[in-house]
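Dear colleague,

Please find below the structure I promised to hand over, together with its sequence. My notes on what was found in it follow directly afterwards, and I would be glad if you read them with the structure open.

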Amino acid sequence: MVGKKITMYFKFAGVVSSEEVEIIDFNDDNVEISSEWTSDISGVKEYGKFSRKTGKCLNDNTSFGARRYIDPII
């Protein structure tokens, strides 16, 4: 799975955009992708982490109802 291209979605105000990203780490629970952003908690840049089962972003820094997600990888 590492190196495979997948689609990450960004949804806000009823509009969904997508971006092709590369999987850089993959385990039983999570997927880490090549796209990075600054964490709200630590203030450090980190790669996107998503739940394999739900596709939900685990380190999302969006607000006002915006969210990032991927299609679940089973």
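**Salt bridges**

In this predicted model, Glu-22 forms a salt bridge with Lys-5, and the closest N and O atoms of the pair are 3.9 Å apart. The pair links distant parts of the chain, since Glu-22 lies in strand 2 (residues 15–26) and Lys-5 in strand 1 (residues 5–12), with their positions 17 residues apart in the numbering. Glu-22 counts as partly exposed because its relative accessibility is 30%, and Lys-5, at 46%, likewise counts as partly exposed. The separation of 3.9 Å falls within the 4 Å cut-off, which is why the pair is counted as a salt bridge.

The structure holds 2 salt bridges, and the other joins the side chains of Asp-60 and Arg-68, with an N to O distance of 2.8 Å. Are the two partners of this bridge buried or partly exposed? Asp-60 has a relative accessibility of 26% and therefore counts as partly exposed, whereas Arg-68, at 14%, counts as buried, the limit for that class being under 20%. As general background, side chains of opposite charge can pair when their charged atoms come close.

**The nonpolar core**

The largest nonpolar core has 11 residues in all, namely Ile-6, Met-8, Val-21, Ile-23, Val-31, Ile-33, Trp-37, Phe-50, Cys-57, Ile-70 and Ile-73. The elements that give two or more residues to this core are strand 1, strand 2 and strand 3 (30–38), and strand 3 gives the most, with 3 residues. For one member of the core, Ile-23, the contacts beyond its neighbours within four places in sequence are with Met-1, Val-2, Gly-3, Lys-4, Ile-6, Val-31, Glu-32, Ile-33 and Ile-73.

**Backbone points to check**

Most residues other than glycine have a negative phi. Which residues have a positive phi here although they are not glycines? Ala-13 is one of them, with a phi of about 55 degrees; Ala-13 is found in the loop between strand 1 and strand 2 and, at 67% relative accessibility, counts as exposed. Phe-64 also has a positive value, its phi being near 60 degrees, and its place is in the loop between strand 4 (45–51) and strand 5 (67–70). With a relative accessible area of 76%, Phe-64 is exposed.

With best regards

Terms used
Residues numbered from 1 in each chain as written. Predicted model: local features only at pLDDT ≥ 70, side-chain atom pairs only at ≥ 80, totals over all residues. Heavy atoms only, no water. Helix = DSSP H or I, 4+ residues; strand = E, 2+ residues; numbered from the N terminus. Buried < 20%, exposed > 50% of the residue type's maximum accessible area, 1.4 Å probe, protein only. Core = buried A, V, L, I, M, F, W, Y, C linked by side-chain atoms within 4.5 Å. Contact = heavy atoms within 4.5 Å.
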